Every structure is written in C-alpha cells, then in structure tokens.
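Here are a few notes to go with your structure. Have it open while you read, and look at each spot as it comes up.

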Amino acid sequence: MSSSFRAPPVRSSDEIDLVALLKSIWHQKRLLLLVTLGCGLIAAGYAFLATPEYKISTVLRPAAINDLDALNRSEVYQLPPADALLKVGAALESYETRLAFFRGNQKLFESFVRPGQTLEQSFEAFNRNSIHLILPDSDKKSSLSAYIKLEMTYPKGIDGVAILNGFVDYAIGSEREQIAADLGVIVKNRISELKGKFDSVRSNYDVEKEAKIASLGEVDTLKRAQLQDELSALRIQLKALRSDRIAQLNEAIGIAKSLGIQKPTTPSSLGDSVNIGARSVMRTEVNNQQVPLYFMGGDALRAELTALQQRRSDDFADPRVAQIAKELQLLTSNREVEVLSARKNDDIFLAGVQPLRAEMTRLSSLNIDMTTLKLVTIDQQAVEALTPAYPNRLLVVLLGLFCGGVLGLCLALARYAFLISCTDLKTKVAAPAVQFLQTPATE
C-alpha cells in the first residue's frame, strides 16, 4: 500500500525571506506606531516638565594702552594690557575668588544651597557644574585678539545675569585691589631703599666730616706743639746769648779799666793819645778787622751790662719770637673747624644725593587713582537668555520618536523571528510522519 501525499519542501533556516519580513513588519504597524508614540510622549513629557536651564556668557578683552598708561608711566609697576587680561582671568578661575563672591552674595545663591549641605559643599557643586572659563585656542587663529570667555548655566528662577556680571565685576575689583596693594608695597619698599641709600650717604658724610675736623685739630695741635717747642728753644738760645754777652762785657770792662779807657776809642787813637794836646789832628782810619769790645770804653760797657742784667725777657731780641707768637695766636681757633661744626643742615652738602631726593619726592607724591584703573574691556556683558539651553524640546521629542521607532522595529523583528522559529519546529516534527506515510506497506 502506498500514499500519494507529498510534503512541501522545507526551507533552510539560514535563508531569510525579505518579502515575508517586510509583510510581517507591515502587519505589525500598529505595534510600531504605538511604541513610537509612547516613546515620543515620554520624551515630550521630559522636555516640557524638566526644569529648563539657561546659558549666558560674557567676553573680556585686553584694555586699551591709554587705560593703563598712568600705572605704566609710574616706572614702578609695569602691566601690559595682555598681562592685565591674564591677571583678571586668573582671578576669575581662582577658587578662592569664587568662594569669596559666593559667601558675600548668599542671597543670589539661595537656590544652589541644598538641605544638609554646608556652604562649601553647595559652592563646590555650583563651581563644578555651573560656571566655566573658556580661553582661546592658541593653535587656531580664529580670533583677531586675545579674549577670555566666562559661561554660566543656571536653572529657571535664578538671576544668572546678576551672578555672572557681579562675579566679573568682583573679580576685576579684587584684582584691582591686589594691584593697588602690590603697588603700595613696591613704592614703600622703593622709598625705604632710597632712604637707606640716603642715610648711607649721610652717614659717610658725617664720618668724613668728623674725620676732617679731627684731622684739622690734629694738624693744629701738632703745629702748636712744634711752635711752642721752637719758642722754648729760641728763648733758651736768647738767654744763653745774653749770658755770653754779659760774660764778654765783664771781660771787656776789666780790660778797658786796665787800659784806662772810659770812652769809646780806636786802636790808633789809643796810641797817639799823648800827642793830641800839641796839635789838632783829624784822623781817618780804615780797618777791616773787628775792633775789640773794650775799645767801647768802660762807661758804655757798664751801661750795656747793667741793661742786660736788668732785662726780664729776651723775646724782643729776635723777630722770630713775635712770628711764633703770631702763629700761635692764629692756631687758638680754626675757622674751618668752626664753620664745619656750625653747619645746621648737612643734607645740602651731601654729594650725589640729588637723584635720590628727586626719586623719593616723586614716589612720595605718586598718586594713581586705582578706582578708575581699567584692567580689561568687557566686550560682551551677560544678558538674559530668551530660550533655555537645556533641554532642547524639539530635539528631545525627535530623539524620543526616533528611539521609539527603533524600539518598535526591534520588537517587530523579534516577533517575526519567534514566529519563524515556531514554524520551523512544527515542520521538523511533521516531517517523520509524512515520510512514514509515503513508505510502501509489506506483508
């Protein structure tokens, strides 16, 4: 016995029928639509119910050269506009500056404070997530000049414009105060240095002045001592000469007395004295030899002896004594020492201190109005954002629909794969039965 039933050929499991796949997806279009709409609704709910966040920014650029001219012309503190911009940027990025502004303006940051968190913890969250400093890319020449950009994101209900603009003003003011403090310290140190140099010059002058006075006094003392020694020696010499003269006079008086010479005479006159009475003779005598002292006669010699013995001082006998007395009188006072000692203002006699005086006067009168010092130019101030930056509602809805479509497609494909698997399983079970029916019967 045989059967005429023929089973349909079984398709390999590795083959995919695209037409059947597309038909299966089309038959599941409701599932695709429902899943897509469901994801779209979820995305739309998030987009419209989530708290919107706004983004604002401010841009700072270097100040003009004339804005910093007063500071740079002081020759004490040099600050080019580019360096001033970097200083302000460092202040904007400084954790300490941000924390100080946060502490000083807590009313503006009430929405950032969370229950159970300290002020520093709340600030840490704000500092990490809400405010960012952007510097120009040095590798790209997209900007014509240097700039610093500060961005801030904040949720609805917060005055972000006041926070960002206030923080920029606070950072600029803080840096301005720091520059003013640095300038004051530099000027004070420079004046102290100049005063030190001036005091050094004055000290050297005082030492030189005292040394000169001492030198002049020492020279006068030495000269006075030398003159006094000379005067003492001269007086001894004059006294010795007087004693010698007295001895000579005593000897001459004795000789004149023995010769009977009472009046001054000459050797020739003494020999012809016996003939003087006979005739009158006028004699002229030329003699190149010194006439002995006793020819002066006893009367003259005794008169001179008496005068020498009665003499109390021999100073008048030598004009050098009067000269020494004059010089000693001049040495009693040194007019140069008196003038040096009588100086009331020694500073006007200091040499080489005029530049120091001029610099100290200039620094002392240095008056730079730091309150008007413009460190940077605010090229763009923060203004209120018209639309929120996050979330982008249209983009979120479109992404939700796209994800819903992908998810629905995946579900449809999964169902199609499941149905195919079930069909293949049934075919494999039915194949042995069909084969049994087709086998001829034997007796």
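Which residues make the nonpolar surface patch of about 470 Å²?

1. Before you hunt for them, keep in mind that this is a predicted model. The patch is the work of five leucines you can click on: Leu33, Leu37, Leu394, Leu398 and Leu401. Helix 2 (29-49) and helix 13 (393-438) are the elements that give two or more residues to the patch. Helix 13 has the largest share, with 3 residues.

2. Now pick out Leu37, which is found in helix 2. Its relative accessibility is 44%, so Leu37 counts as partly exposed. The cut-offs here are under 20% for buried and over 50% for exposed, with partly exposed in between.

3. Next, go to helix 9, residues 298-310. Its 13 residues reach 18 Å from the first C-alpha to the last, close to the 18 Å expected at 1.5 Å a residue. Gly298, Leu301, Leu305 and Leu308 are buried in helix 9. They sit on the same side of helix 9 because they cover an arc of only 95 degrees around the axis. An α-helix has 3.6 residues a turn, so residues three or four places apart point the same way. As for what covers the buried residues of helix 9, helix 7 (160-259) is included.

4. Last, try helix 1 (residues 18-27), where Leu21, Ser24 and Ile25 are the buried residues. Their arc around the axis is only 100 degrees, which puts them on the same side of helix 1. Turn to the face pointing away from that buried side and you'll find the exposed residues Val19, Leu22, Lys23, Trp26 and His27.

Conventions:
Residues numbered from 1 in each chain as written. Predicted model: local features only at pLDDT ≥ 70, side-chain atom pairs only at ≥ 80, totals over all residues. Heavy atoms only, no water. Patch = residues over 30% accessible without salt bridge, like charges linked within 9 Å, V, L, I, M, F, W, Y side chains within 5 Å. Areas by Shrake-Rupley, 256 points an atom, 1.4 Å probe, with all protein chains shown as cover. Salt bridge = Lys/Arg side-chain N within 4 Å of Asp/Glu carboxyl O. Helix = DSSP H or I, 4+ residues; strand = E, 2+ residues; numbered from the N terminus. Buried < 20%, exposed > 50% of the residue type's maximum accessible area, 1.4 Å probe, protein only. Expected span 1.5 Å × (residues − 1). Arc of directions from axis to C-beta. Contact = heavy atoms within 4.5 Å.
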